[in-house]
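Please open the structure in the viewer and keep the selection tool at hand. The tour proceeds one selection at a time.

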Amino acid sequence: MREDRQFLVLTHLSQLVTLIIGCGSLILPLILWLTQKDKIYQMDAQGKTIVNFQLSIVVLYIVCVPLILLFGLGLLGWLVLGLVSIIYPVINAIKVSNGEQPHYPLSFNFIS
């Protein structure tokens, strides 16, 4: 296995592809993780973390839908989730480039 921090940074930032094409924040990191998990050091652990975060965001967005009917709380939830899904990939990409361990909030453990 080789150590490739730049590819790990790219994998974290690949979640932001949604800002450009409107979808793919789960698909692109999933493809990068599945194709490189045996070749790059720490890719398996960080890929699982990214996929768990993206699956958690999808589940939380779905939970917010019925909350829209309850005084519009779902809209506030969507806003918060949108900000979290943009800010934390950038923060964690910086952490990975500095050799630190990334952490995503609001993340459930779907893949262990």
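The stops below concern a helix, its partner and two single residues.

This is a predicted model, in which local features need pLDDT of at least 70, side-chain atom pairs count only at pLDDT 80 or more, and totals for chains, interfaces and linings use all residues. Residues are numbered from 1 along each chain as its sequence is written, and side-chain values use heavy atoms, without hydrogens and water.

Select residues 43-67, helix α4 (helices are DSSP runs of H or I, at least four residues, numbered from the N terminus). At 1.5 Å a residue, its 25 residues should span 36 Å, and its end C-alpha atoms are indeed 36 Å apart (the expected span is 1.5 Å times one less than the number of residues).

Next, colour the buried residues of α4, among them I50, F53, I57 and L60; buried means under 20% relative accessible area, exposed over 50%, and partly exposed in between, with a 1.4 Å probe and protein chains only. Their cover includes α1 (5-13), α3 (27-36) and α5 (73-97).

Now add α3. Its axis and that of α4 are 9 Å apart, at an angle of about 160° (axes are lines fitted to C-alpha atoms, over the stretch in contact, and angles run from 0 to 180 degrees between N-to-C directions). Therefore α3 is roughly antiparallel to α4 (angles over 145 degrees).

Select Q42, in the loop between α3 and α4. Its phi is near 70°, a positive value in a residue other than glycine. Q42 counts as partly exposed because its relative accessibility is 34%.

Finally, select L106, in the segment after α5. The phi of L106 is near 60°, also positive.

Methods
Helices (H or I, at least four residues) and strands (E, at least two) are DSSP runs, numbered from the N terminus. Contact means heavy atoms within 4.5 Å. Angles under 35 degrees count as roughly parallel, over 145 as roughly antiparallel, 65 to 115 as roughly perpendicular and the rest as oblique.
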